[in-house]
Amino acid sequence: MRILIVEDEPKMASYLRKGLMEASYTVDTADNGKDGLFLALHEEFDLIVLDVMLPGLDGFEVLKRLREQKQTPVLLLTARDTVEDKVEGLELGADDYLAKPFAYAEFLARIRSLLRRSPRGVRDMLVIADLEIDLIKRRVRRANSRIDLTAQEFSLLQLLAERQGEVLTRTFITSQIWDMNFDSDTNVVDVAIKRLRSKIDNSFDRKLLRTVRGMGYVLDDQS
(Lines give C-alpha, C1' and ligand atoms only; values in the text may rest on other atoms or scores of the structure.)
Protein backbone atom coordinates (compact mmCIF):
# COMPACT_ATOMS: atom_id res chain seq x y z
CA MET A 1 0.00 0.00 0.00
CA ARG A 2 1.34 3.43 -0.98
CA ILE A 3 0.81 6.47 1.26
CA LEU A 4 1.58 10.14 0.65
CA ILE A 5 2.44 12.37 3.62
CA VAL A 6 2.08 16.11 3.05
CA GLU A 7 3.64 17.71 6.13
CA ASP A 8 5.92 20.76 6.41
CA GLU A 9 7.41 19.93 9.82
CA PRO A 10 10.52 17.82 9.01
CA LYS A 11 10.59 15.98 12.36
CA MET A 12 6.91 15.08 12.17
CA ALA A 13 7.16 13.98 8.53
CA SER A 14 10.23 11.84 9.26
CA TYR A 15 8.60 10.30 12.34
CA LEU A 16 5.43 9.36 10.49
CA ARG A 17 7.31 8.10 7.43
CA LYS A 18 9.58 5.88 9.50
CA GLY A 19 6.66 4.44 11.46
CA LEU A 20 4.60 3.68 8.35
CA MET A 21 7.56 2.09 6.57
CA GLU A 22 8.17 -0.11 9.62
CA ALA A 23 4.51 -1.12 9.30
CA SER A 24 5.33 -2.21 5.71
CA TYR A 25 3.79 0.70 3.80
CA THR A 26 5.47 2.46 0.89
CA VAL A 27 5.68 6.16 1.71
CA ASP A 28 6.24 9.35 -0.31
CA THR A 29 6.46 12.82 1.24
CA ALA A 30 5.97 16.46 0.28
CA ASP A 31 6.72 19.47 2.49
CA ASN A 32 4.33 21.99 0.95
CA GLY A 33 0.82 22.12 -0.47
CA LYS A 34 1.79 22.74 -4.07
CA ASP A 35 4.11 19.72 -4.32
CA GLY A 36 1.69 17.60 -2.34
CA LEU A 37 -1.18 18.40 -4.70
CA PHE A 38 0.99 17.68 -7.75
CA LEU A 39 1.96 14.24 -6.40
CA ALA A 40 -1.59 13.47 -5.32
CA LEU A 41 -2.95 14.25 -8.79
CA HIS A 42 -0.21 12.66 -10.89
CA GLU A 43 0.66 9.56 -8.84
CA GLU A 44 -1.50 6.76 -7.48
CA PHE A 45 -1.77 6.52 -3.69
CA ASP A 46 -3.95 4.36 -1.48
CA LEU A 47 -4.17 7.11 1.14
CA ILE A 48 -2.98 10.69 1.75
CA VAL A 49 -2.00 12.09 5.14
CA LEU A 50 -2.53 15.83 4.77
CA ASP A 51 -1.52 18.55 7.22
CA VAL A 52 -3.78 21.61 7.23
CA MET A 53 -1.18 24.28 8.01
CA LEU A 54 1.04 24.15 4.92
CA PRO A 55 3.07 26.77 3.03
CA GLY A 56 1.91 27.69 -0.44
CA LEU A 57 -1.48 26.00 -0.49
CA ASP A 58 -3.00 25.06 2.86
CA GLY A 59 -4.41 21.59 3.41
CA PHE A 60 -8.01 22.67 2.89
CA GLU A 61 -7.21 24.13 -0.53
CA VAL A 62 -5.21 21.03 -1.48
CA LEU A 63 -8.13 18.85 -0.45
CA LYS A 64 -10.61 20.99 -2.36
CA ARG A 65 -8.60 20.77 -5.59
CA LEU A 66 -7.89 17.08 -5.11
CA ARG A 67 -11.59 16.28 -4.77
CA GLU A 68 -12.27 17.91 -8.12
CA GLN A 69 -10.37 15.05 -9.79
CA LYS A 70 -9.80 12.18 -7.35
CA GLN A 71 -11.38 10.43 -4.39
CA THR A 72 -8.20 9.14 -2.75
CA PRO A 73 -8.85 8.66 1.01
CA VAL A 74 -7.49 11.60 3.04
CA LEU A 75 -6.60 11.81 6.73
CA LEU A 76 -6.25 15.44 7.81
CA LEU A 77 -3.69 16.33 10.49
CA THR A 78 -3.81 19.69 12.25
CA ALA A 79 -3.15 21.56 15.46
CA ARG A 80 -6.44 23.35 14.85
CA ASP A 81 -9.01 21.12 16.50
CA THR A 82 -12.06 23.40 16.70
CA VAL A 83 -15.41 22.02 15.63
CA GLU A 84 -15.51 24.55 12.80
CA ASP A 85 -12.18 23.33 11.41
CA LYS A 86 -13.26 19.70 11.60
CA VAL A 87 -16.56 20.46 9.88
CA GLU A 88 -14.81 22.41 7.12
CA GLY A 89 -12.34 19.59 6.48
CA LEU A 90 -15.02 16.91 6.42
CA GLU A 91 -17.30 18.94 4.18
CA LEU A 92 -14.44 19.44 1.73
CA GLY A 93 -14.12 15.67 1.46
CA ALA A 94 -11.71 14.50 4.18
CA ASP A 95 -12.31 10.92 5.28
CA ASP A 96 -10.98 11.41 8.81
CA TYR A 97 -9.51 14.12 11.01
CA LEU A 98 -6.78 13.81 13.67
CA ALA A 99 -5.72 16.70 15.90
CA LYS A 100 -2.11 17.21 16.98
CA PRO A 101 -0.57 16.11 19.24
CA PHE A 102 -1.67 12.51 18.85
CA ALA A 103 -0.45 9.06 19.85
CA TYR A 104 1.19 7.15 17.02
CA ALA A 105 -0.89 4.06 17.89
CA GLU A 106 -4.06 6.02 17.21
CA PHE A 107 -2.61 7.44 13.99
CA LEU A 108 -1.77 3.94 12.72
CA ALA A 109 -5.20 2.65 13.72
CA ARG A 110 -6.84 5.47 11.74
CA ILE A 111 -4.66 4.66 8.73
CA ARG A 112 -5.59 0.99 8.80
CA SER A 113 -9.26 1.77 9.26
CA LEU A 114 -9.29 4.08 6.23
CA LEU A 115 -7.42 1.58 4.09
CA ARG A 116 -9.90 -1.16 4.99
CA ARG A 117 -12.67 1.09 3.72
CA SER A 118 -10.89 1.90 0.46
CA PRO A 119 -11.72 -0.05 -2.73
CA ARG A 120 -8.41 -1.91 -2.75
CA GLY A 121 -8.54 -2.67 0.93
CA VAL A 122 -5.63 -3.98 2.95
CA ARG A 123 -3.97 -6.99 1.41
CA ASP A 124 -2.95 -9.78 3.74
CA MET A 125 -0.95 -11.82 1.23
CA LEU A 126 1.13 -11.27 -1.89
CA VAL A 127 1.67 -14.25 -4.19
CA ILE A 128 4.05 -14.53 -7.14
CA ALA A 129 4.32 -18.02 -8.62
CA ASP A 130 5.16 -20.26 -5.62
CA LEU A 131 6.39 -17.34 -3.50
CA GLU A 132 3.98 -16.33 -0.72
CA ILE A 133 4.43 -13.19 1.36
CA ASP A 134 2.25 -12.89 4.48
CA LEU A 135 2.05 -9.13 5.18
CA ILE A 136 0.33 -9.53 8.53
CA LYS A 137 2.60 -12.13 10.12
CA ARG A 138 5.57 -10.91 8.03
CA ARG A 139 6.45 -14.42 6.92
CA VAL A 140 7.68 -15.71 3.58
CA ARG A 141 7.34 -19.16 2.03
CA ARG A 142 8.44 -20.54 -1.30
CA ALA A 143 7.36 -23.95 -2.56
CA ASN A 144 5.93 -24.53 0.93
CA SER A 145 9.33 -23.94 2.53
CA ARG A 146 9.68 -21.16 5.07
CA ILE A 147 12.25 -18.46 4.29
CA ASP A 148 13.63 -16.37 7.14
CA LEU A 149 14.30 -12.74 6.26
CA THR A 150 15.56 -9.77 8.23
CA ALA A 151 13.19 -6.81 8.66
CA GLN A 152 15.04 -4.92 5.94
CA GLU A 153 15.01 -7.88 3.56
CA PHE A 154 11.27 -8.29 4.12
CA SER A 155 10.65 -4.60 3.36
CA LEU A 156 12.71 -4.89 0.18
CA LEU A 157 10.84 -8.00 -0.94
CA GLN A 158 7.48 -6.41 -0.20
CA LEU A 159 8.40 -3.32 -2.21
CA LEU A 160 9.38 -5.45 -5.20
CA ALA A 161 6.31 -7.68 -4.87
CA GLU A 162 3.83 -4.81 -4.59
CA ARG A 163 5.24 -3.49 -7.86
CA GLN A 164 5.43 -6.88 -9.53
CA GLY A 165 6.64 -6.63 -13.11
CA GLU A 166 7.83 -3.03 -12.67
CA VAL A 167 11.55 -2.30 -12.95
CA LEU A 168 12.61 -0.40 -9.82
CA THR A 169 15.69 1.77 -10.03
CA ARG A 170 18.38 1.77 -7.37
CA THR A 171 17.49 5.38 -6.60
CA PHE A 172 13.85 4.52 -5.92
CA ILE A 173 14.69 1.46 -3.83
CA THR A 174 17.15 3.43 -1.73
CA SER A 175 14.66 6.22 -1.05
CA GLN A 176 11.97 3.75 0.00
CA ILE A 177 14.01 1.32 2.11
CA TRP A 178 16.91 3.34 3.49
CA ASP A 179 15.38 6.85 3.53
CA MET A 180 18.44 8.42 1.89
CA ASN A 181 19.51 9.92 -1.41
CA PHE A 182 21.20 7.53 -3.80
CA ASP A 183 24.98 7.70 -3.99
CA SER A 184 26.35 6.13 -7.17
CA ASP A 185 29.43 5.04 -5.22
CA THR A 186 27.34 3.08 -2.74
CA ASN A 187 26.44 -0.53 -3.54
CA VAL A 188 23.98 -0.93 -0.66
CA VAL A 189 21.13 -1.85 -3.01
CA ASP A 190 23.18 -4.39 -4.96
CA VAL A 191 24.35 -6.06 -1.75
CA ALA A 192 20.82 -6.20 -0.36
CA ILE A 193 19.45 -7.64 -3.61
CA LYS A 194 22.20 -10.27 -3.66
CA ARG A 195 21.34 -11.38 -0.12
CA LEU A 196 17.62 -11.44 -0.86
CA ARG A 197 18.16 -13.40 -4.07
CA SER A 198 20.27 -15.98 -2.22
CA LYS A 199 17.30 -16.68 0.05
CA ILE A 200 14.31 -16.56 -2.31
CA ASP A 201 15.79 -17.58 -5.67
CA ASN A 202 19.12 -19.37 -5.70
CA SER A 203 17.79 -22.71 -4.45
CA PHE A 204 14.90 -22.80 -6.91
CA ASP A 205 14.77 -23.57 -10.63
CA ARG A 206 12.30 -20.79 -11.42
CA LYS A 207 13.96 -17.40 -10.97
CA LEU A 208 11.75 -14.49 -9.91
CA LEU A 209 14.17 -11.69 -9.02
CA ARG A 210 15.89 -10.30 -12.11
CA THR A 211 18.45 -7.61 -12.80
CA VAL A 212 17.63 -5.35 -15.74
CA ARG A 213 21.00 -4.08 -16.86
CA GLY A 214 21.38 -0.33 -16.66
CA MET A 215 17.93 0.11 -15.11
CA GLY A 216 17.36 -1.75 -11.87
CA TYR A 217 15.56 -4.79 -10.50
CA VAL A 218 12.22 -6.47 -11.07
CA LEU A 219 10.32 -9.27 -9.34
CA ASP A 220 8.02 -11.25 -11.64
CA ASP A 221 7.19 -14.67 -12.99
CA GLN A 222 8.22 -15.10 -16.61
CA SER A 223 7.49 -18.81 -16.83
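Me: Buried means under 20% relative accessible area. With that cut-off in hand, which residues of α1 are called buried?

Reply: Happy to help, and please keep in mind that this is a predicted model. The residues of α1 that fall under the 20% limit are Met12, Ala13, Leu16, Arg17, Gly19, Leu20 and Met21.

Me: What covers those buried residues of α1?

Reply: The cover includes the strands β1 (2-6), β2 (26-30) and β4 (74-78), along with the helices α5 (104-117), α6 and α7.

Me: How do you know that the length of helix α1 agrees with its 13 residues?

Reply: The expected span is 1.5 Å times one less than the number of residues. For the 13 residues of α1 (residues 10-22) that should come to 18 Å, and the end C-alpha atoms are 18 Å apart, so the two agree. Just after this helix comes Ser24, with a positive phi near 80°.

Me: Why is Ala143 called partly exposed?

Reply: Partly exposed is the range between under 20% and over 50%. The relative accessible area of Ala143 is 40%, so partly exposed is the right label. Ala143 sits in the loop between β8 (139-142) and β9 (145-147), and its phi is positive, near 50°, though the residue is not a glycine.

Me: And Asn144, is that residue buried or exposed, and why?

Reply: Exposed means over 50%. Asn144 has 64% relative accessibility, and therefore counts as exposed. Asn144 also belongs to the loop between β8 and β9, and its phi is positive too, at about 65°.

Me: What makes a group of residues a nonpolar core, and which members of the largest one touch the most other members?

Reply: The members must be buried residues of the listed nonpolar types, joined through side-chain atoms within 4.5 Å. The largest such core has 27 residues, and Ile133, Leu156, Leu157, Leu160, Ile173 and Leu219 touch the most other members. At least two residues each come from β6 (125-128), β7 (131-134), α6 (151-162), α7 (170-177), α8 (188-200) and β11 (216-219). The top contributor is α6, which gives six residues.

Me: Which residues does Leu219 touch, leaving out those up to four places away in sequence?

Reply: Among them are Ile128, Leu131, Leu157, Leu160 and Ala161, as well as Ile200, Leu208 and Leu209. There is also a second, separate core of 21 residues, with Ile5, Leu16, Leu75 and Leu115 included.

Me: Where is the cis peptide bond at Lys100 and Pro101, and what is its omega?

Reply: Omega is about -5° for the cis bond that joins these two residues, and Pro101 lies in the loop between β5 (96-99) and α5.

Conventions:
Residues numbered from 1 in each chain as written. Predicted model: local features only at pLDDT ≥ 70, side-chain atom pairs only at ≥ 80, totals over all residues. Heavy atoms only, no water. Buried < 20%, exposed > 50% of the residue type's maximum accessible area, 1.4 Å probe, protein only. Helix = DSSP H or I, 4+ residues; strand = E, 2+ residues; numbered from the N terminus. Contact = heavy atoms within 4.5 Å.
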